[in-house]
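I opened the model to look up one helix and one loop residue. My entries follow.

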Amino acid sequence: MKLILDERGKKYVLKEGQEFESDLGIVSAEVLSNAQYGDEVKSHLDHSFKIVKPNINDFIDVMERQCSILIKKDIGTVLAYTGLGAGSRVVDAGTGAGAIALNFANVVGETGHVYTYEIREDFANVAKRNIETFGIKNIDVKNQNVKDGIDEDNIDLVFLDLPKPYEIFEEVYDALNLGGYLVVYAPYINQAEISYRVAKKLNFYDIEILETLERGLEVRQRGTRPKTRMVGHSGYLLFARKL
């Protein structure tokens, strides 16, 4: 898969065998097929475009979606806090467009696997197309309700992005390996609070609720200061461990 980057920094996925067209002009299919990563190509309007090999974040920025997705600050917190690594097995419920499933699969590698559950057929189909386009092979998209049961066992991480995730915590506990993590993404504090109480009742350990806030800095001639706008609340993350 190739990505094309215009002079403004806007990204587009290139479709195999097709010409590229934007408001900055047309690049022919022949030119694109001969272009290598790092090459610059010109449109018929003489605008420059760069051919880029996309990483997971580049692809998620431009992939198809019909719903909101988890953003980098929350995905990064999940990956860092759980210590997910090569060979890990993950269950993800609430696939959406597949953003966090793709991140999980990218981290666990060819020796690991991700099983992602999505109750809505239209969302599951979008996720399948995104996964196929990116070319990653270690994700199974399951168009079924995770509340009907988790089919897998020996799992290292179960990630739940559901309205009432606590309803399946017993099944999650049974599916997890010793030392495995339950992680819940909860937009509202009451979801996180109920999840905390249920996880404690079921003898999960190291239960913690985190909120990650992200504030950038702007560098100007006069000096450097925090940006006026920041990425504030997106959701709460509950972590609990089976020990």
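Entry 1, the buried face. I looked up which residues of α5 are buried (under 20% relative accessible area, 1.4 Å probe, protein chains only) and found Phe123, Ala124, Val126, Ala127, Asn130, Ile131 and Phe134. Viewed down the axis of α5, these buried residues fall within an arc of 160° (taken from the directions from the helix axis to the C-beta atoms), so they line one face of the helix. I noted that an α-helix has 3.6 residues a turn, so residues three or four places apart point the same way.

Basis. The model is predicted: local features need pLDDT of at least 70, side-chain atom pairs count only at pLDDT 80 or more, and totals for chains, interfaces and linings use all residues. Residues are numbered from 1 along each chain as its sequence is written, and side-chain values use heavy atoms, with hydrogens and water left out.

Entry 2, surroundings of the helix. On the face of α5 turned away from the buried side, I found the exposed residues (over 50% relative accessible area) Glu121 and Glu132. The cover over the buried residues includes α2 (56-62), α4 (99-108) and β9 (139-142). Just after α5, Gly135 takes a positive phi of about 90°.

Entry 3, a loop residue. I located Glu152 in the loop between β9 and β10 (155-160). Glu152 is buried, with a relative accessible area of 11%. I recorded polar contacts (a pair of N or O atoms within 3.5 Å, one able to donate a hydrogen and the other to accept it) from the Glu152 side chain to the side chain of Tyr117 at 2.7 Å and to that of Lys142 at 2.6 Å.

How values were computed: Helices (H or I, at least four residues) and strands (E, at least two) are DSSP runs, numbered from the N terminus. Contact means heavy atoms within 4.5 Å.
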